[in-house]
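Hello,

Here is the structure I said I would pass on. My notes on it follow below, grouped by topic.

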Amino acid sequence: MEKILLVEDDSLIASGLVYAFEQEGYRILHCKSVKEARDTIEKDKFDLAILDMQLPDGSGFDVRENLENTAIIFLTVVDDEGNIVRAFESGADDYVTKPFRLRELLARVKRTLSIHKGYKKQSPYLYIDNVTIDTSAGKVFKGEKLIELTALEYRLLLVFALNKGQMLTRNQIIENIWDSTGNFVEDNTLTVYIKRLREKLGDDIRIETVRGIGYRVD
């Protein structure tokens with residue numbers, strides 16, 4: 001049974017979510033504050049955490065810092081591009097604004113857990129030419145040199161590593177690293193992150209541009 005941590009200070013929302021997720025067969029624990037969540041995380045491990053962005057004693061980001069190897073979905077009333085980008089930069093898997101539709105949230109949870117299961121079944125090491133990705137530690141190496149990547153750059157590289165030799169459209173890539181709709185992504189945002197990866201990894205990885213369609217890494 002997959003275990004979910006829900007950190008939400010609105011009792012009405014929380015009670016509805018707890019009931020719905022239990023009906024779907026998940027084990028879910030509810031916390032109302034950063035402190036309560038941190039105490040719970042010390043005693044237990046979770047497959048996924050649903051974190052309210054605004055809490056009485058802090059934010060979902062404060063809880064995120066204490067979670068390792070856990071899928072993350074942020075809940076918030078703040079539909080702001082800056083916060084959305086910050087959430088994904090911190091390693092979030094999805095970002096859902098309130099009010100939300102319960103069935104949609106359940107679908108997003110199922111999708112996120114499925115993706116993480118797929119990662120766990122892989123060998124902890126993925127290779128692209130001279131680049132090594134240690135998925136268990138979330139680290140990337142050129143030869144023996146550690147390369148510092150942002151969370152979003154790392155996830156983009158991971159998408160390429162898991163789809164070596166396949167042509168990926170821009171939409172396919174965005175669906176794997178951001179919210180599935182990609183509504184907040186400007187046209188050039190993905191291009192910027194591709195450029196950053198090329199600059200940091202140099203000739204050790206060849207990201208081929210398929211003009212007008214997407215990218216491929218062999």
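**Aromatic pairs**

There are two aromatic pairs in the structure. Please bear in mind throughout that this is a predicted model.

One of the pairs is formed by F61 and F74, with ring centres 5.1 Å apart; the ring planes stand at 50°, so the pair counts as tilted. F61 belongs to helix 3 (residues 60–64) and F74 to strand 6 (residues 71–76), so the pair links distant parts of the chain, 13 residues apart. Is F61 buried or exposed? F61 is buried, at 7% relative accessibility. F74 is buried as well, its relative accessibility being 0%.

A ring also takes part in a contact with a charge: the charged end of R196 sits over the ring of Y193, at 4.8 Å from the ring centre.

**Salt bridges**

Side chains of opposite charge can pair when their charged atoms come close. How many salt bridges does a search of the whole structure find? The search gives 12. Three of them are described here.

K98 and E8 form a salt bridge in which the closest N and O atoms are 2.9 Å apart. K98 is in the loop between strand 7 (94–97) and helix 5 (102–121), while E8 is in the loop between strand 1 (3–7) and helix 1 (11–23); the pair therefore ties together parts that lie 90 residues apart in sequence. K98 and E8 are both buried.

D94 is bridged to R108, again with 2.9 Å between the closest N and O atoms. Since D94 lies in strand 7 and R108 in helix 5, this salt bridge ties together parts 14 residues apart in sequence. D94 has a relative accessible area of 2%, which is under the 20% cut-off, so D94 counts as buried. R108, at 11%, is buried too.

R108 has a further salt-bridge partner in E104, and the closest N and O atoms of that pair are 2.9 Å apart. E104 and R108 are both in helix 5; because they are four residues apart there, about one helical turn separates them. E104 is partly exposed, with a relative accessible area of 28%. Through shared partners, salt bridges join D94, R101, E104 and R108 into one network.

**The sheet of four strands**

One open sheet has four strands in the order 8-9-10-11, and the pairing is antiparallel. Which strands stand at its edges? They are strand 8 (125–128) and strand 11 (145–147); each has a single partner strand, so one side of each is left without a neighbour in the sheet. On average, and ignoring direction, neighbouring strands of this sheet are turned by 30° against each other.

Strand 8 pairs with strand 9 (residues 131–134) over four bridges, in the antiparallel sense. Within this pairing, L126 is found opposite I133 of strand 9. Helix 8 (residues 189–201) packs on the sheet and touches strand 9, strand 10 (139–142) and strand 11. The direction of helix 8 makes about 50° with that of strand 10.

**The sheet of three strands**

Another open sheet has three strands, ordered 12-14-13, also with antiparallel pairing. Strand 12 (168–169) and strand 13 (207–210) are at its edges; each has a single partner strand, so one side of each lacks a neighbour in the sheet.

Strand 12 and strand 14 (residues 214–217) run antiparallel and are joined by two bridges. L168 stands opposite Y215, a residue of strand 14. Helix 8 appears here again: it lies across strand 13 and strand 14, and runs at about 150° to strand 13. Helix 8 thus has contacts in both places, packing on the sheet of strands 8-9-10-11 and lying across strand 13 and strand 14.

**A residue in strand 5**

The last note concerns S59, which is placed in strand 5 (residues 58–59). With 15% relative accessibility, S59 counts as buried. Which residues is S59 in contact with, leaving aside its neighbours within four places in sequence? The contacts are V34, D52 and M53.

Regards

How values were computed
Residues are numbered from 1 along each chain as its sequence is written. This is a predicted model: local features need pLDDT of at least 70, side-chain atom pairs count only at pLDDT 80 or more; totals for chains, interfaces and linings use all residues. Side-chain values use heavy atoms; hydrogens and water are left out. Two strands pair if DSSP finds at least two bridges between them. Axes are lines fitted to C-alpha atoms, for helices over the stretch in contact, and angles run from 0 to 180 degrees between N-to-C directions. Contact means heavy atoms within 4.5 Å. Buried means under 20% relative accessible area, exposed over 50%, partly exposed in between (1.4 Å probe, protein chains only). A salt bridge is a side-chain nitrogen of Lys or Arg within 4 Å of a carboxyl oxygen of Asp or Glu. Rings of Phe, Tyr and Trp (its six-membered ring) pair if their centres lie within 6.5 Å; planes under 30 degrees apart count as stacked, over 60 as edge-to-face and the rest as tilted. A charge sits over a ring if NZ of Lys or CZ of Arg is within 6 Å of the ring centre and within 35 degrees of the ring normal.
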